[in-house]
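Let's take a walk through this fold, starting with the strands and then moving on to the helices. Have a look at the model first.

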Amino acid sequence: MQSIYASSFDAKSSVKAVDLEHRRKLNFNISKYNAVVPKGKAQFPDLNRVRELAKNKKWEAIEHLDLYLTQFEDQITKRGAKVFWAEDSEQALNFIGDLCKEKQCKSVVKSKSMVTEEIHLNDYLTSIGVESVETDLGEYIQQMDGEAPYHIVTPAMHKSKEDVAQLFNKHLGTDISLTPEQLTLVARKNLRDKYVQAEIGITGANFILSDIGGIALTENEGNARLSVAWPKTHVVIVGIEKTIPSMNDLGLFWPLLATYGTGQQITVYNSIITGPRQPGEVDGPEEMYVILLDNGRTDLLSNAKAREALYCIRCGACLNACPVYKNIGGHAYDTTYSGPIGSVITPHLRGMHDYKHLSYASSLCGNCTDVCPVKINIHELLLENRRESVVAGESDFAEKFAWKMWKNASLSRMMMNQGNATIKNWVINKMFKGWSNQRAPLEFPKKTFNQLWNESKKRKI
């Protein structure tokens with residue numbers, strides 16, 4: 001039986017696939033990305049070698065994840081930070097809730113973080129009476145509109161500047177004719193007071209630095225730095241897979257992430273945070289907490305074939321390259337992580353039964369693999385997910401029956417030759433309505449290749 005998530009995906013993707021205005025906005029914004037990425041890549045004399053080195057570094061980190069995470073904990077706790085290991089989202093949320101209660105927290109400022117979206121942190125904070133303010137401009141726009149992020153890197157990619165102007169006019173009363181620069185200044189002015197008022201600042205982390213016990217943040221707006229600097233308490237929520245072996249590896253990963261994420265050689269603000277304010281320092285939070293989130297990642301780690309997906313550095317390049325994503329957009333997936341990499345990891349993080357359909361939402365063109373900065377074999381992992389779902393017994397009777405018939409027909413030359421074009425066309429286009437509902441009708445040739453080959457041999461004789 002099809003899951004409710006699969007039914008929702010079918011319905012939403014069907015609507016978005018024929019929405020030409022949505023496609024125009026999305027393709028326009030992705031075209032801007034495509035125009036600048038080659039400039040970022042030009043900084044690497046041998047890009048393929050750099051990508052291979054990055055993959056090896058992530059392999060090293062993931063294969064020895066237990067050692068690197070405990071090393072990180074040992075190092076950062078020496079400087080006064082506290083580390084909490086959360087097995088799932090409930091544990092992470094409860095920890096944050098208890099902390100908010102202890103600090104009598106009324107408001108939180110939060111920088112862009114997909115892992116906080118994964119655990120639905122904003123909804124939780126609202127439920128306990130704490131105001132949570134998104135400080136990244138894209139996230140700020142999405143929060144104002146009551147929507148989840150649309151893209152891993154560019155949360156409001158599906159909106160035009162006119163859409164944003166109308167949104168600001170509706171919620172903030174600004175002039176509908178304001179330019180993007182003017183709208184940005186409005187957001188900046190509104191957010192400044194929030195940084196000062198907030199008791200807690202929450203960030204994610206782009207990388208966990210095991211050797212020095214630090215977290216690395218990379219951004220273009222400076223909002224993450226302000227979320228760390230002003231509030232008295234800093235909370236980091238990060239997935240355990242973000243580990244890299246050494247601070248020295250940032251010279252490799254920061255430029256790669258910038259190039260494949262936004263087309264830059266390096267992002268504007270790059271920070272390494274190694275603990276709360278130390279004696280003699282005048283800036284920084286009084287307390288720092290790091291939540292190391294599992295939430296299904298160790299299940300993925302235990303899968304020898306699929307654990308390669310944990311190498312992902314969340315650059316979003318595979319989304320921008322995917323023909324499926326470019327037609328249906330991010331919200332159709334109904335997941336935190338959309339696009340090809342989301343289709344790989346979500347069935348492992350949230351259950352194969354509910355999300356196996358995402359592994360079929362792919363043309364298997366391999367473009368996602370080609371653009372991955374750490375060379376994850378994404379399209380092969382999608383196929384592996386399909387295989388695992390079948391082995392786990394997730395196929396329904398109709399699917400099993402159809403493939404059995406296909407197998408028997410394919411193994412019989414007589415049946416392949418006897419089924420003329422009319423019968424084959426009817427089976428595919430009429431019997432299997434899932435094909436014809438989403439695609440142009442197939443037209444089989446009147447004769448098979450085998451028949452044409454035999455006829456050509458007779459003519460030669």
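Which residue in S10 is the bridge partner of Lys82? It's Tyr289. Keep in mind that this is a predicted model.

## The sheet

That pair belongs to a broader layout: 6 strands make up an open sheet, in the order S1-S10-S7-S4-S2-S3, with parallel pairing. S1 and S3 (131–134) are the edge strands, each pairing on one side only. Going from neighbour to neighbour, the strands are turned by 20° on average, direction ignored.

## Around S10

S10 covers residues 287–293, and 6 of those 7 residues are buried, so the strand is largely enclosed by the rest of the structure. S1 (residues 82–86) pairs with S10 in the parallel sense over 5 bridges. S7 (residues 233–239) also runs parallel to S10, joined to it by 7 bridges. If you want a spot to find that pairing on screen, look for Val238, which stands opposite Leu292 in S10.

## Further along the sheet

S2 (residues 107–110) and S4 (residues 200–203) are another parallel pair, this time with 3 bridges. Here Val109 has Gly201 in S4 as its bridge partner.

## Helices on the sheet

Two helices to look for here are H4 and H10. H4 (residues 65–77) packs on the sheet and touches S1 and S10, its direction making about 150° with that of S1. H10, for its part, lies across S2 and S3 and runs at about 130° to S3.

## Helix against helix

H10 (residues 180–197) has a helix partner too: its axis and that of H9 (residues 161–172) come within 10 Å and cross at roughly 40°. The two are therefore oblique to each other, and the crossing is left-handed. On the H9 side, the contact is made by Lys161, Val164, Ala165, Phe168 and Leu172; on the H10 side, by Pro180, Leu183, Val186, Ala187 and Asn190. Sorted by class, that's 8 nonpolar, 1 polar and 1 charged residues.

Now for H2 (residues 20–41) and H12 (residues 250–262), which pack at an angle of about 155° with their axes 7 Å apart. That makes H2 roughly antiparallel to H12. Tyr33, Val36, Val37, Gly40 and Lys41 of H2 meet Thr259, Tyr260, Gly261 and Thr262 of H12. The class split for this contact is 4 nonpolar, 4 polar and 1 charged.

Methods. Residues numbered from 1 in each chain as written. Predicted model: local features only at pLDDT ≥ 70, side-chain atom pairs only at ≥ 80, totals over all residues. Heavy atoms only, no water. Axes fitted to C-alpha atoms, helices over the stretch in contact; angles between N-to-C directions. Helix = DSSP H or I, 4+ residues; strand = E, 2+ residues; numbered from the N terminus. Parallel < 35°, antiparallel > 145°, perpendicular 65-115°, else oblique. Contact = heavy atoms within 4.5 Å. Nonpolar A, V, L, I, M, F, W, Y, C, P; charged D, E, K, R; others polar. Left-handed = near helix turned anticlockwise from the far one by under 90°. Buried < 20%, exposed > 50% of the residue type's maximum accessible area, 1.4 Å probe, protein only. Pairing = 2+ DSSP bridges.
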